[in-house]
Amino acid sequence: MGANASNYPHSCSPRVGGNSQAQQTFIGTSSYSHQGYGCESKLYSLDHGHEKPQDKKKKTSGLATLKKKFIKRRKSSRSADHAKQMRELLSGWDVRDVNALVEEYEGTSALKELYLQANLARPEARTLQKDMADLYQYKYCTDVDLIFQETCFPVHRAILAARCPFFKTLLSSSPEYGAEIIMDINTAGIDMPMFSALLHYLYTGEFGMEDSRFQNVDILVQLSEEFGTPNSLDVDMRALFDYMCYYDVVLSFSSSSDVVEPFGGSQSCLDEELRAHKAVISSRSPFFRHLLQRRIRTGEEITDRTLRTPTRIILDESIIPKKYAKVILNCMYTDVVDLSVLHSSPSVGSLSEVQALVAGKINMTRAEEAMELYHIALFLEFNMLAQGRSLASLSNSFCCLLLSFG
């Protein structure tokens with residue numbers, strides 16, 4: 001009695017019982033004559049003792065295909081013969097040149113390991129976004145108060161004006177220090193926590209609270225129409241650095257802090273001053289923050305507010321040379337360490353240049369400038385400047401200089 005091939009689609013199943021030589025395997029059927037359909041059943045039997053060559057090929061075809069795939073993958077992933085290429089490259093070299101190349105490779109490998117270990121050992125540098133979040137939370141050097149739903153929000157005029165067209169127009173109508181501005185927002189559904197989250201967004205570029213209402217597209221559209229859509233944080237901070245709107249502090253440089261009067265000075269001294277914002281420098285550098293807080297405690301800040309003059313900070317140029325001031329400020333506003341500023345706009349009459357001239361060093365190398373800037377960053381407690389990527393990606397001369405100190 002035959003077996004229905006639909007029950008054995010791909011297997012070779014011997015019958016149970018009977019002569020072992022008579023055991024057969026039934027593969028496939030094209031009709032159902034046993035069911036009375038009148039079509040002849042086509043059953044093909046194969047004797048196990050005499051397998052046809054094409055059947056052996058069927059059994060091994062799967063393994064052969066898999067083997068071909070592995071061989072093809074191995075050939076495709078085979079890398080170039082670097083040893084052969086290196087031999088061809090060095091075939092005409094002198095032995096001393098080859099030795100120098102080997103030493104260079106070894107030195108590069110050691111520097112890479114040193115760089116990785118240094119990154120693991122040193123603490124993570126605080127970014128502009130994190131420092132701006134602390135600035136909004138701890139209210140360093142605020143200069144205007146926003147009143148919303150009978151709640152006072154001390155903020156920074158320059159930050160909001162640079163980030164939001166709505167506040168730029170609103171704050172221009174009240175330029176005096178410490179002005180209280182009543183907020184009248186037309187967008188419905190804005191309560192005090194949501195308004196605080198909006199201010200946090202202007203400071204950091206991200207919302208500071210998880211609120212399902214911010215998922216409402218209609219509210220976001222209304223807010224963008226009323227307040228305007230700000231650019232990214234780095235773009236607006238770059239614009240603030242370039243134009244210095246609402247600046248409230250100037251940095252002066254002198255060989256001695258006793259030479260320059262606190263609230264005076266010659267015109268030549270004023271021309272050499274650099275403008276900045278208390279909010280930014282106090283949030284990025286604990287050195288500047290403590291300095292400004294001390295001025296508040298001693299009453300000097302009240303004098304500046306009364307006279308409506310920017311606070312002047314006098315820096316000893318023997319400690320912080322003026323030529324590095326723009327590099328430092330640029331990093332405070334943008335998180336970018338750009339040493340090209342040193343050569344694009346050199347300072348005139350800088351004390352550090354005079355000292356370098358006396359010492360016989362007219363032009364400092366990029367490595368020496370980076371090392372000096374690194375020590376200044378440590379003095380200012382400005383980790384982003386000390387760990388700036390530009391300082392870590394200097395030329396090999398700087399890397400060799402670092403190794404010599406080790």
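**Exercise 1.** How do the residues of the lining of the largest cavity divide into nonpolar, polar and charged?

*Solution.* The model is a predicted one.
Step 1: list the lining. The residues are Cys141, Asp143, His156, Arg157, Ala158, Ile159, Tyr246, Asp248, His277 and Ala279.
Step 2: sort them. Cys, Ala, Ile and Tyr count as nonpolar, Asp and Arg as charged, and His falls among the polar residues. The lining therefore divides into 5 nonpolar, 2 polar and 3 charged residues.
Step 3: place the cavity. Its volume is about 60 Å³, and helix H5 (residues 157-163) gives the most to the lining, with 3 residues.

**Exercise 2.** Which residues line the second largest cavity, and which element gives the most to its lining?

*Solution.* Step 1: name the residues. Leu251, Phe253, Phe288, Leu315, Ile320, Ala325, Ile328 and Leu329 form the lining.
Step 2: assign elements. Strand E6 (249-254) and H14 each supply at least two of these residues, and H14 gives the most, with 3.
Step 3: describe the lining and the space. There are 8 nonpolar residues, no polar and no charged ones, around a volume of about 50 Å³.
The model has 3 cavities of 30 Å³ or more.

**Exercise 3.** Which residues touch the most other members of the largest nonpolar core?

*Solution.* Step 1: take the core of 71 residues; Leu146 and Phe167 touch the most other members. Helix H14 (residues 325-334) contributes the largest share of this core, 7 residues.
Step 2: follow Leu146. With neighbours within four places in sequence left aside, Leu146 is in contact with Thr151, Cys152, Phe153, Val155, Leu160, Phe167, Ile181, Met183, Phe195 and Leu199. Phe167, then, is one of the contacts of Leu146.
Step 3: check burial of Phe167. Its relative accessibility is 1%, so Phe167 counts as buried.

**Exercise 4.** Are the rings of Phe166 and Phe167 stacked or edge-to-face?

*Solution.* Step 1: count the aromatic pairs, which come to 10.
Step 2: examine Phe166 and Phe167. The ring centres are 5.3 Å apart and the planes stand at 85°, so this pair is edge-to-face; the cut-off for that class is over 60 degrees.
Step 3: examine Phe287 and Phe288. This pair is also edge-to-face, at 5.3 Å centre to centre and 75° between the planes. Phe287 is partly exposed, with a relative accessible area of 23%, whereas Phe288 is buried at 3%. Phe288 also belongs to the lining of the second largest cavity.
Step 4: look for a cluster. Ring pairs link Phe148, Phe153 and Phe195; Phe153 and Phe195 are among the contacts of Leu146.

Conventions: Residues numbered from 1 in each chain as written. Predicted model: local features only at pLDDT ≥ 70, side-chain atom pairs only at ≥ 80, totals over all residues. Heavy atoms only, no water. Core = buried A, V, L, I, M, F, W, Y, C linked by side-chain atoms within 4.5 Å. Buried < 20%, exposed > 50% of the residue type's maximum accessible area, 1.4 Å probe, protein only. Helix = DSSP H or I, 4+ residues; strand = E, 2+ residues; numbered from the N terminus. Contact = heavy atoms within 4.5 Å. 1 Å grid on protein atoms, 1.4 Å probe; cavity = no way out; pocket = protein on both sides within 12 Å on 5 of 7 lines; lining within 4 Å. Points joined across faces, edges and corners; volume = space filled by probe spheres on them. Phe/Tyr/Trp six-rings, centres within 6.5 Å; stacked < 30°, edge-to-face > 60°.
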